[in-house]
Amino acid sequence: MGANGKSRWRFSFSRSVSPPSKPGPPGEFMCSIVGSLMADPVVVSSGQTFDRVSVQVCRDLRFTPVLEDGSTPDFETFFPNLAIKSTILRWCERWGVERPLPLDYAAVEKAVRAKMASRRQEEEGDSGTGGLIRVSERELLKNVAGNPPVTYKHAVSELNRRTDRFYSSSSEESVVIAASPETPLPLKTRPCCYSSSSSSSSSEFQEIENPAQTLAPKLSSQEEESVLKLKSSDVFEQEQAVMSLRKITRSQEYRRSALCTPRVISALKPLLVSKYCNVQVNAVATMVNLSLENSNKVKIVRSGVVPLLIEVLQSGFSEAQEHAAGALFSLAIEEDNRMAIGALGALPVLLNALRSDSEHTRNDSALALYNLTLVNSNRMKLLKHNSVLRLLEMVKAGNLVSRVLLILCNLAACVDGRSAMLDGNAVRVLVGLLRRNEAKSKLDKENCVGTLYALSHGNFRFKGLMKEAGGEDVLREIEKSGSERARDKAKKLLEMVRERDDGEEEDVDWEALLESTQLSGTGCGVGGVGGRNVYSPKSSDF
C-alpha cells in the first residue's frame, strides 16, 4: 500500500487482432475448366460461362468437358458475359484482390490435355474390368451425333401449309399462377401454338408420376426409326420422321423426357433451320412439345438450341416463327434459363416480333419478354434497344396492352428503367389509359396502377409528372371502385402525391430559386438548393 493509503493496480492486456481474412472467390467467378478466376468470361451456346481462352482451347482440341452436374457444354458459339465480368472486377476492388490476368493459352492447353488423358485412362480401366467394354454414354452420343447444323437464310415462304396438322391453334389451354407481387397478372405456361389432343379426364397440366419417366425407358422401335431418319439426306424421310416425333411428343406426354436426349436434340437441330417449310415447321413444333416438360427446359438450352430458335423467329417460315416464339416463351419460364437466353441475343428479336402479323407470335414473344425481364441483366439489355418508347407506343395504340404492361412493370423495377419511362412520358400515357377506360379488364387496371406505383419509388420527378397529368382524379376513382389490389396501390399513390415534403415552406420564391440555380426555361431540370431538389416539369401534348 502506498503512502497515500491507496493501492494502485496496473493491468496490462495484450490482444492480438488478426486482420479479416479475404474470402475466396465465389464459384460462379471461376472457370470450371481450369479452376481459375475468369479474366474474360463468355457465355456459350448451352448457357454456361467460361473463360474465353478455355473455350478456345477446347474448341481447338475438340474436347467437351463433363461438368460437375453431369452436363456437357456446347462451344459452337459464345458471347462476352459483360455482367459477370463487371461483377468480378467489383469483387476484386472490394476485397483488394488483384484483377485476373488473361489466361496463358499454352498453360490452359496443358491442363485440358491432362483432362483428356485422364478420361482416356478411366475408359481403358472400365473396359478391362471383368472383360466388359463400358464406353461413356456421352462419347457414344458424340460419335453418333449428326453434322453441325447448316444455316439457311431465306425470306418467309408462301408455300401452302399442310391441312392435316397435328394441332389446332384455335384452342388455347393455360394454367393460372396464383397472383403475387412478383406475378402481376395470371400467366399462361403453355405457348399459344400448343394444343393438347388428350380428351381424358386427367389434366395435362398436372404432374403425374409416371413409372416410365422414373425408369427412363429406351426408345421404341418407331421412335428409333424416326431418329435415324432425321439424319437422312432424303427430305421426304426427314419430313416423315419429324412429323412422327411431333405427333408422339404432342399426344404422349410421358415420352417427352425419354426423347429429350443429346442424340435426339442433335439430330433435330439442323432441321430447325431447314430450307424446306414442312421440315422446319414440324421440327420447331417438336421442340416446343419437348420444352413443355419442366425437366427438359434446362437441357434444351444447354444443348445449343436457343441461337437456332432465335434465327427461326427472325427469318424462318411464318408458321415456324409462331412455334419459335412459343419455344422461347416456354424455355424462359425456367428461372435458370433466363440469363442465358438474354445473353444469346433473344431480346431484340423478341422485341421486333411484337410487330409480327401473327397474333400467336406477338403474344408468345411478349410473354417471353416478360419472363426474361424478371432478371435485371436482361432489363438493362432491353433498355439499350429503345424498348420503352416502342412499348409505350403499343400501349397508346391499344396493341397487346395486357402483356406490354407486364414488361413495363418489370422495367420500372430498376433505376434506369424508371428514368427511361419517365423521360418517355410514361406517367401521362398510363394515366390516359386509365382515364379513357382502355384498361378494360380488372387485371389491366391493376397492372397499370402497379406500374405507376413502381415508377414512384425513389423518384422526385414522379410527383410533378403525376400532378401535371391530372392523375389524382383517376386515382380517386380507382380508390373507390377498383379491385382490392388496385385500391391499395391507388391509396398509397394518392398519399404520396398529396403529402408535403418535409420542411417545405408555403411562401417560396420559385423564380428566385430557379434563377439562382440557372434553371430557367420550360425544359425539365433538377438542381440542388439548400440541400433540396427543385424540379420544373415540362409541359407537352399527350
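## Reading helices and strands in a predicted model

Mentor: Welcome! This is a predicted model, and the protein averages a pLDDT of 76, with 71% of the residues scoring at least 70.

Trainee: Which residues have a pLDDT below 50, and how many contacts do they make beyond near neighbours in sequence?

Mentor: Residues 11-17 are one such stretch, with 0 contacts of that kind in the model. Residues 500-508 also fall below 50, and there the model has 6 contacts beyond near neighbours in sequence. Where pLDDT is low, the predicted coordinates should not be read in detail.

Trainee: On to the helices. What makes α20 roughly parallel to α23?

Mentor: Helix α20 (residues 415-423) and helix α23 (residues 461-468) pack at an angle of about 30 degrees. Angles under 35 degrees count as roughly parallel, so α20 is roughly parallel to α23. Their axes are 11 Å apart, and α20 passes α23 in a left-handed crossing.

Trainee: Which residues make the contact between α20 and α23?

Mentor: From α20 come Ser-419, Leu-422 and Asp-423, and from α23 come Arg-461, Phe-462 and Leu-465.

Trainee: What classes of residue does the contact of α20 with α23 have?

Mentor: There are 3 nonpolar, 1 polar and 2 charged residues. Asp and Arg count as charged, and this contact includes Asp-423 and Arg-461.

Trainee: How do you know that the contact of α18 with α19 has no charged residues?

Mentor: Let's look at who takes part. Ser-387, Val-388, Leu-391, Leu-392, Met-394 and Val-395 of α18 meet Val-401, Val-404, Ile-407, Leu-408 and Leu-411 of α19. Asp, Glu, Lys and Arg are the charged class, so by class the contact comes to 10 nonpolar, 1 polar and no charged residues.

Trainee: At what angle do α18 and α19 pack?

Mentor: Helix α18 (residues 387-397) and helix α19 (residues 401-411) pack at about 145 degrees, with their axes 9 Å apart. The crossing of α18 past α19 is left-handed.

Trainee: How do the axes of α15 and α16 cross?

Mentor: Helix α15 (residues 346-353) and helix α16 (residues 359-372) cross at roughly 145 degrees, and their axes come within 8 Å. Here α15 passes α16 in a left-handed crossing. Leu-347, Leu-350, Leu-351 and Ala-353 of α15 meet residues of α16 including Arg-362, Ala-368 and Leu-372. By class, this contact has 7 nonpolar, 2 polar and 1 charged residues.

Trainee: Now the sheet. Why do β4 and β5 stand at the edges?

Mentor: The open sheet has 3 strands in the order β4-β3-β5, with antiparallel pairing. β4 (49-51) and β5 (78-80) each have a single partner strand, so one side of each is left without a neighbour in the sheet.

Trainee: What makes β3 and β5 a pair?

Mentor: A pair needs at least two bridges, and strand β3 (residues 41-44) and β5 have 3 bridges in the antiparallel sense, so the definition is met. As one example, Phe-78 in β5 is the bridge partner of Val-44.

Trainee: Which helix packs on the sheet?

Mentor: Helix α1 (residues 52-61) does, touching β3, β4 and β5, and its direction makes about 90 degrees with that of β4.

Definitions and conventions
Residues are numbered from 1 along each chain as its sequence is written. This is a predicted model: local features need pLDDT of at least 70, side-chain atom pairs count only at pLDDT 80 or more; totals for chains, interfaces and linings use all residues. Side-chain values use heavy atoms; hydrogens and water are left out. Axes are lines fitted to C-alpha atoms, for helices over the stretch in contact, and angles run from 0 to 180 degrees between N-to-C directions. Helices (H or I, at least four residues) and strands (E, at least two) are DSSP runs, numbered from the N terminus. Angles under 35 degrees count as roughly parallel, over 145 as roughly antiparallel, 65 to 115 as roughly perpendicular and the rest as oblique. A crossing is left-handed if the near helix is turned anticlockwise from the far one by less than a right angle, and right-handed if clockwise. Contact means heavy atoms within 4.5 Å. pLDDT is the predictor's confidence in each residue, from 0 to 100.
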